[in-house]
Amino acid sequence: MSQKDPCRNKPVKYRNTLQTNNYMESKCEAVIQELHRCCVWYPKGRSLVSSGFEKEDEERKKLKSASK
């Protein structure tokens with residue numbers, strides 16, 4: 001049996017916040033941070049929603065190692 005994505009409701013909250021704030025991302029920072037904290041809390045690969053943050057972290061690591 002597959003487990004439910006623990007962060008699945010966070011993107012919906014983010015989308016609703018964007019709509020409420022006329023798509024000004026700067027006004028949605030708290031919701032973005034909440035989503036990121038959820039993704040960090042669960043092991044890699046546990047949340048499909050978190051895959052974007054995981055890719056971003058991998059790219060950041062590659063850039064750091066390339067700049068050394």
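## Packing of helices α1 and α2 in a predicted model

Helices α1 and α2 are roughly antiparallel to each other, because an angle over 145 degrees counts as such and the two pack at an angle of about 170°. The structure is a predicted model, and within it α1 covers residues 10-20 and α2 covers residues 29-41, with their axes 9 Å apart. On the side of α1, the contact is made by Lys10, Pro11, Lys13, Tyr14 and Thr17, while α2 contributes Val31, Ile32, Glu34, Leu35 and Cys38. Sorted by character, the residues of this contact divide into six nonpolar, one polar and three charged.

**The two helices and their faces**

In α1, the buried residues are Lys10, Tyr14, Thr17 and Leu18. Seen down the axis of α1, these buried residues fall within an arc of 100°, so they line one face of the helix. The buried residues of α1 pack against α2, and Lys10, Tyr14 and Thr17 are among the α1 residues that make the contact between the two helices.

Threonine 17, which lies in helix α1, can be described in further detail. Threonine 17 has a relative accessible area of 16% and is therefore buried, since the cut-off for burial is under 20%. When its neighbours within four places in sequence are left aside, threonine 17 is in contact with Lys27, Cys28 and Val31; of these partners, Val31 is one of the buried residues of α2.

Does the length of α2 agree or disagree with that expected from its number of residues? At 1.5 Å a residue, the 13 residues of α2 should span 18 Å, and the C-alpha atoms at its ends are indeed 18 Å apart, so the two values agree. The buried residues in α2 are Val31, Leu35, Cys38 and Cys39. Viewed down the axis of α2, they fall within an arc of 100°, so they too line one face of their helix. These buried residues pack against α1 and also against α3, which covers residues 51-67. The face of α2 turned away from its buried side carries the exposed residues Ala30, Arg37, Val40 and Trp41.

Histidine 36 also lies in helix α2, and at 26% relative accessibility this residue counts as partly exposed. Histidine 36 and glycine 52 are 16 residues apart in sequence, and their C-alpha atoms are 9.9 Å apart in space.

**The loops**

Just after α1, asparagine 22 takes a positive phi of about 55°, although asparagine 22 is not a glycine. Asparagine 22 is found in the loop between α1 and α2, and tyrosine 23 is found in the loop between α1 and α2 as well. Tyrosine 23 likewise has a positive phi, near 60°, in a residue other than glycine. Asparagine 22 is exposed, with a relative accessible area of 63%, and tyrosine 23 is exposed, with a relative accessible area of 56%.

In the loop between α2 and α3 lies leucine 48. Leucine 48 has a relative accessible area of 69% and is exposed, because the cut-off for that class is over 50%. The C-alpha atoms of leucine 48 and lysine 62 are separated by 22 Å, and these residues are 14 residues apart along the chain.

The table gathers the accessibility values of the individual residues described above.

| Residue | Relative accessible area | Class |
|---|---|---|
| Threonine 17 | 16% | buried |
| Asparagine 22 | 63% | exposed |
| Tyrosine 23 | 56% | exposed |
| Histidine 36 | 26% | partly exposed |
| Leucine 48 | 69% | exposed |

Conventions:
Residues numbered from 1 in each chain as written. Predicted model: local features only at pLDDT ≥ 70, side-chain atom pairs only at ≥ 80, totals over all residues. Heavy atoms only, no water. Axes fitted to C-alpha atoms, helices over the stretch in contact; angles between N-to-C directions. Helix = DSSP H or I, 4+ residues; strand = E, 2+ residues; numbered from the N terminus. Parallel < 35°, antiparallel > 145°, perpendicular 65-115°, else oblique. Contact = heavy atoms within 4.5 Å. Nonpolar A, V, L, I, M, F, W, Y, C, P; charged D, E, K, R; others polar. Expected span 1.5 Å × (residues − 1). Buried < 20%, exposed > 50% of the residue type's maximum accessible area, 1.4 Å probe, protein only. Arc of directions from axis to C-beta.
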